[in-house]
Amino acid sequence: MQRYRKKIGIRSIQFDNREVFVFLQTFYELLNEKSMQIVNNAVELRLLLEAVKLSGKKTGLVPTMGALHEGHLSLVQQSVAENDFTVVSVFVNPTQFNNPQDLEKYPRNLERDAKLLEKSGCNLIFAPRQEDIYSSDEL
């Protein structure tokens with residue numbers, strides 16, 4: 001969130017409806033830029049999605065674990081066609097692996113995935129870290 005504050009000159013936010021709306025609207029204007037954005041934390045994602053919602057736009061989500069292939073990209077293209085704003089999550093979920101070695105071997109290349117997603121029309125990638133999703137005692 002700090003990078004947006006710096007870009008738009010916001011030093012602090014007071015939670016008064018008008019100021020929050022202006023802040024969220026400014027977030028949405030940034031997202032309307034032609035470049036795709038990558039967000040790594042849930043708080044920032046929530047703010048951005050609230051801005052999209054307040055603007056009246058319809059959002060589509062394509063959840064993935066990365067290592068994208070044509071099947072993923074066709075889902076992204078469908079979301080782009082059916083929605084105003086498309087979010088793709090890229091998160092290798094450790095709870096989906098019984099064998100820890102399989103988790104370690106799972107391919108991760110966010111840079112490659114981001115290039116493919118941008119070409120497919122994705123607006124936003126949500127790529128959280130494991131510790132942002134699960135606490136250490138949950139794993």
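In the predicted model, Phe91 is buried, with a relative accessible area of 14%. Tyr134 is likewise assigned to the buried class, its relative accessible area being 19%, which places the residue under the 20% limit used for that class. The rings of these two residues form one of two aromatic pairs counted in the protein. A pair of aromatic rings is described by the distance of the centres and the angle of the planes. For Phe91 and Tyr134, the centres are 6.3 Å apart and the planes stand at 35°, so the pair is classed as tilted. Because Phe91 lies in the loop between β3 and α5 (100-105), whereas Tyr134 belongs to the segment after α7 (130-133), the pair ties together parts that are 43 residues apart in sequence.

The rings of Phe97 and Tyr106 also pair, with their centres 5.7 Å apart and their planes at 75°, so this pair is edge-to-face. Phe97 is buried, with a relative accessible area of 18%, while Tyr106 is partly exposed, with a relative accessible area of 22%.

Helix α4, which spans residues 70-82, comprises 13 residues and reaches 18 Å from its first C-alpha to its last, a value close to the 18 Å expected at 1.5 Å a residue. Within α4, the residues His72, Leu73, Val76 and Ser79 are buried. These residues cover an arc of only 115° around the axis, which puts them on the same side of α4. The buried residues of α4 pack against three elements, namely β2 (59-64), β3 (85-90) and α6 (110-120). On the face of α4 turned away from the buried side, the exposed residues Glu70 and Ala81 are found. Strand β3 thus enters the description twice, as a packing partner of α4 and as the element preceding the loop that holds Phe91.

With regard to the protein as a whole, seven helices and four strands are present, and these elements follow one another from the N terminus in the order α-α-β-α-β-α-β-α-α-β-α. Of the 139 residues, 38% count as buried. Among contacts with a separation of 6 or more, 73% are accounted for by residues 24 or more positions apart. The area exposed by the protein is about 8,900 Å², of which carbon and sulfur atoms supply 49%.

Technical notes. Residues numbered from 1 in each chain as written. Predicted model: local features only at pLDDT ≥ 70, side-chain atom pairs only at ≥ 80, totals over all residues. Heavy atoms only, no water. Helix = DSSP H or I, 4+ residues; strand = E, 2+ residues; numbered from the N terminus. Expected span 1.5 Å × (residues − 1). Buried < 20%, exposed > 50% of the residue type's maximum accessible area, 1.4 Å probe, protein only. Arc of directions from axis to C-beta. Contact = heavy atoms within 4.5 Å. Areas by Shrake-Rupley, 256 points an atom, 1.4 Å probe, with all protein chains shown as cover. Phe/Tyr/Trp six-rings, centres within 6.5 Å; stacked < 30°, edge-to-face > 60°.
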